[in-house]
Amino acid sequence: MARFGMWLAGALVVSCTVARAEEIKHRFLMMDESRHAVHCVDQANPDGNWDLSVGGGIHDFQLIGGGQLLVSQGSGYTVYDLATRKVVKEFKLSGLNGTMSVRARPDGTKVVGANQKGIVVFELDSADKIVRKMAFPQLKMLRMMRLTADGSVLLAEEAGVTEAAFDGSADGGGKIVRRVKLPRARNAFMALKAAGGNYLVGAGFAQAFFELTPEGKVVREFQAAMPAPLVNKFYAGFHVLKNGDVVVCNWTGHAAPDSKLGWQMAQFDKEGKVVWKWHDPQRAGTAIGVIVLDDLDAGAFNHDVDGVLGPAK
């Protein structure tokens with residue numbers, strides 16, 4: 001949990017080497033935006049590979065225990081059984097139009113982030129009834145939302161990262177705790193909060209993964225140096241591994257062939273070296289989200305909170 005806090009502040013790290021890549025074999029779930037699917041890739045056992053069609057759009061996803069995967073889509077979410085790839089539950093509500101990210105809690109309640117008039121965040125009870133919401137008309141273009149260990153929400157949005165919290169008001173309430181703008185470009189895609197208070201960001205068109213202080217100072221910047229003509233285009237979702245490495249998605253376009261344009265994923269160690277990469281444009285399209293299954297305990301729930309911040313409260 002202190003692993004990001006131990007990094008040396010102020011350094012810029014741009015990876016120019018690929019080390020140990022041939023030694024690492026991951027089993028992972030990848031959200032494929034251009035081919036509208038979730039892929040399971042098992043590098044050690046390709047017989048375990050499978051594909052799940054989830055329809056078009058930009059989708060978030062979350063393991064929710066019991067071998068189930070929640071996919072945010074449309075005006076709600078769909079839950080799939082990973083063993084059968086069958087739909088377990090589908091929930092839609094007109095008031096949740098523009099849904100981008102749904103995060104389930106262990107008690108069955110959920111938090112939904114949507115693009116409506118600005119960004120609106122809803123809290124649902126265990127029966128999926130809206131119990132409160134907060135609205136931020138000044139914010140634009142939510143991509144992924146994440147929950148912090150202390151109950152706030154992180155909104156990856158056009159300008160950067162906004163941390164917000166419900167304020168007790170049932171309708172339209174909520175307060176902004178902090179806004180951290182990207183140092184360049186736009187469209188942050190995913191953010192997590194490290195135990196020391198810094199923000200970890202897949203920074204969209206900044207073409208980089210950042211660690212930023214609450215004041216917006218760059219502590220670390222990771223970008224893969226790919227051989228030409230491959231490119232970094234848009235850094236999207238990521239997974240922080242138990243050893244402190246970060247696996248980051250590099251989205252390269254909306255069309256299925258766009259996956260040829262750059263590595264779909266890269267794993268950076270704490271010094272910013274690329275120690276693993278994945279690029280298989282025939283197998284899958286462009287990546288926006290990743291869950292590294294071999295890094296998780298059996299039955300993992302809310303892996304992005306558990307893996308970075310300790311058990312979700």
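Colleague: What makes strand 18 (residues 209-212) and strand 19 a pair?

Modeller: Two strands pair if DSSP finds at least two bridges between them, and 4 bridges join strand 18 to strand 19. The condition is therefore met, and the two strands run antiparallel. Within this pair, Phe 209 stands opposite Phe 222 in strand 19. Strands themselves are DSSP runs of E with at least two residues, helices runs of H or I with at least four, all numbered from the N terminus. The structure is a predicted model in which local features need pLDDT of at least 70 and side-chain atom pairs count only at pLDDT 80 or more, while totals for chains, interfaces and linings use all residues. Residues are numbered from 1 along each chain as its sequence is written, and side-chain values use heavy atoms, with hydrogens and water left out.

Colleague: Which sheet contains strand 18 and strand 19, and why are two of its strands called edge strands?

Modeller: They belong to an open sheet of 4 strands with the order 16-17-18-19 and antiparallel pairing. Strand 16 and strand 19 are the edge strands, as each pairs on one side only. On average, neighbouring strands of this sheet are turned by 15° against each other, direction ignored. That angle is taken between axes, which are lines fitted to C-alpha atoms (for helices over the stretch in contact), on a scale from 0 to 180 degrees between N-to-C directions.

Colleague: Strand 16 also carries Lys 193. What makes Lys 193 and Glu 163 a salt bridge?

Modeller: The term requires a side-chain nitrogen of Lys or Arg within 4 Å of a carboxyl oxygen of Asp or Glu. For Lys 193 and Glu 163 the closest N and O atoms are 3.1 Å apart, so the pair qualifies. It links distant parts of the chain, namely strand 16 (residues 190-193) and strand 14 (residues 160-165), with the two positions 30 residues apart in sequence.

Colleague: Why are Lys 193 and Glu 163 classed as they are for accessibility?

Modeller: Buried means under 20% relative accessible area, exposed over 50%, and partly exposed in between (1.4 Å probe, protein chains only). Lys 193 has 15% and is therefore buried; Glu 163, at 2%, is buried as well.

Colleague: How many salt bridges does this rule give, and which residues form a network?

Modeller: The count comes to 12 salt bridges. Asp 60, Arg 103 and Arg 146 are linked in a network of them. Between Asp 60 and Arg 103, the closest N and O atoms are 3.6 Å apart. Asp 60 sits in the loop between strand 3 (50-53) and strand 4 (61-63), Arg 103 in strand 8 (residues 99-104), 43 residues away in sequence. Asp 60 has 0% relative accessibility and thus counts as buried, and Arg 103 counts as buried at 1%.

Colleague: Asp 128 and Lys 110 are another salt bridge. Why is this pair said to tie parts of the chain together?

Modeller: The N to O distance is 3.4 Å. Asp 128 lies in the loop between strand 10 (118-124) and strand 11 (130-136), and Lys 110 in strand 9 (residues 110-116), so the pair joins parts that are 18 residues apart in sequence. Asp 128 is buried at 6%, and Lys 110 is buried at 8%.

Colleague: How do you know that Asp 128 also makes a polar contact with Tyr 77?

Modeller: A polar contact is a pair of N or O atoms within 3.5 Å; within protein, one must be able to donate a hydrogen and the other to accept it, and residues adjacent in sequence count only if both atoms are side-chain atoms. The side chains of Asp 128 and Tyr 77 give 2.6 Å, and the pairing with Lys 110, at 3.4 Å, is listed as a polar contact too. Beyond its neighbours within four places in sequence, Asp 128 is in contact (heavy atoms within 4.5 Å) with Tyr 77, Lys 89, Phe 91 and Lys 110.

Colleague: What surrounds Asn 232, and why is this residue called buried?

Modeller: Asn 232 is located in the loop between strand 19 (218-222) and strand 20 (234-240). Its relative accessibility is 14%, so Asn 232 counts as buried. A polar atom of its side chain lies 2.6 Å from the backbone oxygen of Ala 224, and its side chain makes a polar contact of 2.5 Å with that of Tyr 235. Not counting residues up to four places away in sequence, Asn 232 touches Gln 207, Gln 223, Ala 224, Met 226 and Asn 250.

Colleague: How many disulfides are there, and are Cys 40 and Cys 249 buried or exposed?

Modeller: A disulfide is a pair of cysteine sulfur atoms within 2.5 Å, and the count by this rule is 0. Cys 40 is buried, with a relative accessible area of 0%, and Cys 249 counts as buried at 0%.
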